[in-house]
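Student: Could you take me through one part of this model up close, the aromatic rings and the nonpolar packing around them? I'd like one connected story rather than a list.

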Amino acid sequence: MSVEAAEQTTEQPVREIGRDRRRKEDQRLITGRTRWTDNIVLPGMLHMAMVRSPFAHARITAVDTSEAKASTNVVAVYSGADLDESVGVLINAWPLSPDQVTPVHPPMPTDRVTFAGEIVAVIVARSAAEARDAAELVDVDYEELPAALDLKEAAQDTVLAHPDLGTNKSALWVFDSAAAGTGTDVEEAIATAREGGILIEREYRQQRLIPAFMEPRSVVVDPTGEQLTMWTATQIPHIVRFALAATTGVPESKIRVIAPDVGGGFGGKLQVTPEEWLAWWVARQLGKPVKYTETRSESLMAAHHGRDQWQRLTLAADKEGHVTGLKVDLLADLGSYVALIGGGVPVLGAFMFNAIYKFPAYHFSMQSVLTNKAWTDAYRGAGRPEATFGIERMMDELAHELGEDPLVVRERNWITHEEFPFTSIAGLEYDSGNYEAATAMAKEMFGYDELREEQRRRRESNDPVQLGIGISTFTEMCGLAPSRVLGSLDYGAGGWEHASVRMLATGTVEVVVGVSAHGQGHETAFSQIVADRLGVPFESVEILHGDTQISHKGLDTYGSRSLVVGGEAVIKAADKVIDKARRYAAHMLEANPDDLEFTDGRFAVAGTDQSVGISEIAGAAFASHDYPDDIEPGIDADATYDPVNFNYPHGTHLCAVEVDTETGQVTLRKYTCVDDVGQVVNPLIVDGQIHGGLVQGIAQALWEEAVYDDSGTLVSGSFVDYLVPTAADTISFDTATTTTLATTNTLGTKGVGEAGTIASTPCIVNGVVDALRSFGVDDVQMPCTPERVWLAIRSGSEGQGTMAAAAPHFDEATGMQGQTDRTAGADGPTGGSAGTDDAEGAGR
């Protein structure tokens, strides 16, 4: 191939990083010209339907499948008694301690069900409709057993979710700053505050949530041929393959798992599921492809749930409002089984309760508890939103106690930009940040002072519609990664990520990544990174993912890790391509490799006009007619990246809410947020992630709650009762970014996928409480429905807003200590709230 002189031009190429690019993948997604798992049709494929328990806890005394077996086009019916060991079990990848109590989790039980919705029989038929019809004919006899439903009662072992285990307590995990050497003793800080400072104790409820992804879970298994193939709507194809091999005895090399286009996850598809394992087993038993797609009611009832905690927080401060200590005691509801990483999710929050503040002393204790409800696991943010909610509510309480502006109190205690890198009281090193800049921009955009003045006027005039200003300043640990750190926490896998960059002979580029998308825009963002790195057109880059045969190595998508971990692996692979291409270029240009400069996709000999493009080099490497003797043909490259640290996006969120004190209705008026996510690769994608996260977090504050009745039946089992907001329920958001580059990756990027969800929930609740302070209200239990707000106003205005008697406290049986000094409301567990832990549809 010829080598031509580069054209002389002063025109600079447009950089892709930082550019608004419409997502490559959207055309096929929004027009439906794609392959969702449920679209897959294979020759001779059979369909599965599940028979699920209506009871939260019951002994299975008999299963009569005879009538179902006789139904038209039914091929097979299985109950738990029909399964053999080859079906495998579902794994827990994050045991928190050697003595963790972990019930065995079969895909289908044989003798006892432990939550309403657990599978007790499987129907296989020639069509999905026929399978569902036959499922109605299976007759199961149950002997109902007492169910552990209330989290606090379950922690006392009054009723056992698994009687054979002898306890509901699964694991106790403790972090103490004095023992860890990161700070002083928290009890000393509390004692000092009690004697001559400020001591605030509160109890908050993180209600149970349902991921409610757009695409229900679906799985197809093809057992024909040498390799068994599973298509599944999952965030974790590589982990599913590993878990199948580890539990079913099938060699990993014989398993191919494909995650085609996946319609949302929010953590809800970060799971190995009974349905996947049963489809796998049934397909192998029958030797034919099978498919299962859940209904929406099955999804809400039996897919894993999120959050579900009681938080007891004790904050110590001096009289000037400098925080001196923080003590956190959690009860975390695991549901009936310890899910894939469910036991460890609250521990992620342990490192974030201290947030952006300089606490000298810190103690965190988490007791996980088994109940007879659907199991819990990661839900967008996974532990960090729960922690941010707790500390941001407490900082507002501190400001109220001082009679000062909540932003002023926060600024007094946060880490200043000059102090980075900063080692937190929880032992993490925050590498970069500028909380002052984000807050200053947010205040100006929001019109903070003007809205405070309006709030004052409304209070003085006793306006029936009060204005509340909500604040949330946050940081989060994301880019779930460093393998050594995860190992120190007993996590069952690493945190590295893998990528390959292939330079094709025609000049285009294939990039294979181990992270797979379910709505984030990977194909677009990674194409922008590679286009800039290699100097090739954006349109010439193709991203391949989600298939363990094509992407043979990877640890998948969760924890805002795709860009900061997967993207860094892509960069490292691209740099290796450049290094390999440099030697080819030196040979083609008859130059020393050290004399070559690589700019905008071309190698040029320094001081000359001789150059060659990387696409030309790819063609030459493909032909291999003339290449250096001491290298092998080709310039493709692989890379595996394992970060040395998490990364720490941060931001300031401000909201204005209007609360009708006569009806309890909360109306969003204004929402402004300024987030710092490091280097922005694609502003459109960042805005989309933040907007989606905001709506999801606001929904927890105002609308969403998984509610069980006294018998353990999910009464919010459809979108009629589980209130997922639409665009009509929200407002336009004012968003912006500041930039402090991460110092631990090449581009300086930080995660963004969970930021909006983490910050927005406490922002809204702080706003609601701020609107009601004059009524003696200092908390409203989420979701802040009109009924709960109205009851909080009534109980607060009767003078019960700060009475200690209004709040129940944990007793010693739960493993949590202390008394509650002040909590609003008389009826609810955190004050100002209607209903209890599992109230029957309170506020619905």
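Tutor: Let's begin with Phe353, which counts as buried because its relative accessibility is 1%. Keep in mind that this is a predicted model. Phe353 sits in the loop between helix H10 (345–350) and S15, and its ring pairs with that of Phe364. A pair of aromatic rings is described by the distance of the centres and the angle of the planes. For Phe353 and Phe364 those values are 5.9 Å centre to centre and 40° between the planes, so the pair is classed as tilted, the label for angles that are neither under 30 degrees nor over 60. Phe364 lies in strand S15, 11 residues from Phe353, and Phe364 is buried too, at 0% relative accessible area.

These two rings have company: Trp173 and Phe351 join Phe353 and Phe364 in one aromatic cluster.

Strand S15 (residues 362–370) takes part in another ring pair, through Tyr362. The partner of Tyr362 is Phe175, and this pair is also tilted, with 5.9 Å between centres and 40° between planes. Phe175 belongs to strand S7 (residues 169–176), so here the link spans 187 residues of chain. Both ends are tucked away: Tyr362 has a relative accessible area of 0%, while Phe175 is at 13% and still counts as buried, because the limit for that word is under 20%. Across the whole structure, a search turns up 15 aromatic pairs.

Now zoom out a little to the packing. In soluble globular proteins, nonpolar side chains tend to be buried together. Here the largest nonpolar core has 146 residues, and two members of the aromatic cluster, Trp173 and Phe364, are among those touching the most other members. Met48, Leu315, Leu398 and Ile764 are also on that list. Helix H11 (residues 384–402) supplies the largest share of this core, with 8 residues.

Leu315 gives you a good feel for that packing. Setting aside neighbours within four places in sequence, Leu315 is in contact with residues including Ile198, Leu199, Ile200, Phe359, Ile391, Met394, Met395 and Leu398. There is also a second, separate core of 48 residues, with Val511, Val577, Tyr584 and Ile685 among its members.

Met48 leads us to another spot worth clicking on, Ala279 in helix H8 (residues 274–286). Ala279 is buried, with 0% relative accessible area, and Ala279 touches Met48, Val219, Val221 and Val290, not counting residues up to four places away in sequence.

Back to rings for a moment, since some of them have a charge for a partner. The charged end of Lys152 sits over the ring of Trp310, 4.1 Å from its centre. Lys553 does something similar with Trp496, lying over the ring face at 5.5 Å from the centre.

One last stop, and this one is polar. Glu705 is in the loop between helix H19 (683–702) and strand S28 (734–738). Despite its charge-bearing name, Glu705 counts as buried, at 5% relative accessibility. What does its side chain meet there? The side chain of Glu705 makes a polar contact with the side chain of Arg788, at 3.4 Å.

Key
Residues are numbered from 1 along each chain as its sequence is written. This is a predicted model: local features need pLDDT of at least 70, side-chain atom pairs count only at pLDDT 80 or more; totals for chains, interfaces and linings use all residues. Side-chain values use heavy atoms; hydrogens and water are left out. Rings of Phe, Tyr and Trp (its six-membered ring) pair if their centres lie within 6.5 Å; planes under 30 degrees apart count as stacked, over 60 as edge-to-face and the rest as tilted. Helices (H or I, at least four residues) and strands (E, at least two) are DSSP runs, numbered from the N terminus. Buried means under 20% relative accessible area, exposed over 50%, partly exposed in between (1.4 Å probe, protein chains only). A charge sits over a ring if NZ of Lys or CZ of Arg is within 6 Å of the ring centre and within 35 degrees of the ring normal. A nonpolar core is a set of buried Ala, Val, Leu, Ile, Met, Phe, Trp, Tyr and Cys residues joined through side-chain atoms within 4.5 Å. Contact means heavy atoms within 4.5 Å. A polar contact is a pair of N or O atoms within 3.5 Å; within protein, one must be able to donate a hydrogen and the other to accept it, and residues adjacent in sequence count only if both atoms are side-chain atoms.
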